Amino acid sequence: MIDRRAALTGLSAAILSSCTGEAATTDAAPLKSFLTAPLGVAAMTAEFADPQWQALTATHFDRLTPEWEMKMEYILQSDGSHRFEAPDRLLRQAKLNRQGIFGHALVWYAQDGAYFQNLRSDKARFEAAYRAYVQAVVGRYTGQVDGWDVVNEPILDDGSGLRNCLWRDVLGDYYIDIAYHAAHGADPACPLVLNDYNLEHTPAKRRQFLKLVDDMQKRGVPLHVLGTQTHISAALEPGALKATLRDLAATGLKIHVSEVDVSLKEAAKNAFDFKSYRAQQIRQIEELAEAWLSLPVAQQYGITIWGLRDKDSWYNRSQKGLLADEPLLFDDTGALKPLGQAFVKALR
Ligand code: XIL
């Protein structure tokens with residue numbers, strides 16, 4: 001299982017290292033042409049300055065997910081005001097290339113800035129501000145995004161229940177419903193997503209996630225898509241991806257495979273020997289493609305890859321010179337890796 005704390009502290013690390021690069025040189029057909037549903041990629045405005053990034057993402061992907069700049073940590077300032085400069089740029093960039101934007105993420109346990117911390121002793125004001133935040137952000141982009149991750153990562157890692165966070169501390173479990181109703185009110189046609197990770201690595205977490213989904217559906221909460229991040233290890237047990245997509249699809253909701261990367265470093269337990277894990281990495285991406293194809297087309301919301309080239313991966317940004325991981329479909333020169341080729345072949 002991935003060490004998330006290490007990766008998450010890379011945070012606004014976000015801000016990329018240097019991006020040089022020549023024009024795209026891949027003779028392969030666009031990756032997006034192998035799926036009927038949209039194929040997305042994580043994006044940050046810092047990457048726009050890189051011509052190779054520009055060319056490859058425009059060619060191969062239908063949709064951008066802002067990796068960081070639509071999150072509360074970027075948008076919400078400590079005085080309660082909002083900053084929309086980067087999300088607006090991401091939207092303009094996507095329009096230019098006729099791509100969609102996937103909104104990520106409105107409410108996340110990992111981000112609960114000073115503004116909300118300061119309101120925690122006043123439940124009524126806190127709740128009003130919470131609704132207002134969701135309404136303001138969704139409202140600003142009404143009709144312009146393909147969907148929103150409304151609540152991100154609500155389930156505890158061991159699957160024993162809901163995660164504690166500021167939102168739950170102040171508002172109770174109902175924090176989830178409030179956010180979905182507020183988002184739906186602001187953009188009634190927008191697909192609303194519940195997104196979480198390790199649903200394949202930890203079956204107990206998947207069960208708890210599905211219980212939450214069932215409860216939300218019974219309560220009539222507007223929820224349309226399930227997001228399974230799919231930050232996986234190459235050593236994930238064979239069959240786990242298929243079981244996960246099958247279980248999620250049994251809800252009847254659409255499925256977003258929302259943040260795909262397949263870590264070699266995790267599989268090798270940080271050892272310097274990736275060799276023996278490359279074949280397993282390929283088998284994972286093949287299984288993902290097969291599991292995807294076995295979903296009813298009407299439930300295929302899309303697949304999103306968490307970065308373009310290995311050097312763009314969030315794992316590598318937080319590495320500080322240690323061994324780089326190789327979790328993505330393109331290598332650092334911009335060529336489609338054997339992993340990417342296997343994905344395409346399995347999707348055919
Ligand atoms: C990560 C980004 O990749 C990093 O750049 C950022 O600093 C921290 O967040 N689950 C999610 C994503 O839903 O938003 C996280 O993205 C990765 C884990």
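**Figure 1. Asp 215 and its salt-bridge partner in helix 9.** In this predicted model, Asp 215 is partly exposed, with a relative accessibility of 26%. Its side chain pairs with Lys 211 in a salt bridge, and the closest N and O atoms lie 3.3 Å apart. Both residues belong to helix 9, and because they are 4 residues apart, about one helical turn separates them. Lys 211 also counts as partly exposed, at 47% relative accessibility.

**Figure 2. Arg 219 and Asp 177 joined by a salt bridge.** Here the closest N and O atoms are 2.7 Å apart. This pair ties together distant parts of the chain, 42 residues apart: Asp 177 sits in helix 8 (residues 175–186), while Arg 219 lies in the loop between helix 9 (203–218) and strand 7 (225–228). What about their surroundings? Asp 177 is buried, at 3% relative accessibility, whereas Arg 219 is partly exposed, at 45%.

**Figure 3. A salt bridge between Asp 169 and Arg 120.** The N to O distance in this view is 3.1 Å. Once again, distant parts of the chain are linked: Asp 169 belongs to helix 7 (residues 166–171), and Arg 120 to the loop between helix 5 (114–117) and helix 6 (123–140), with their positions 49 residues apart in numbering. Arg 120 is partly exposed, having a relative accessible area of 38%.

**Figure 4. A network of salt bridges.** Take a look at this group of four: Asp 157, Arg 163, Asp 196 and Lys 205 are linked through salt bridges. For the wider picture, the count for the model comes to 20 salt bridges.

Conventions. Residues numbered from 1 in each chain as written. Predicted model: local features only at pLDDT ≥ 70, side-chain atom pairs only at ≥ 80, totals over all residues. Heavy atoms only, no water. Helix = DSSP H or I, 4+ residues; strand = E, 2+ residues; numbered from the N terminus. Buried < 20%, exposed > 50% of the residue type's maximum accessible area, 1.4 Å probe, protein only.
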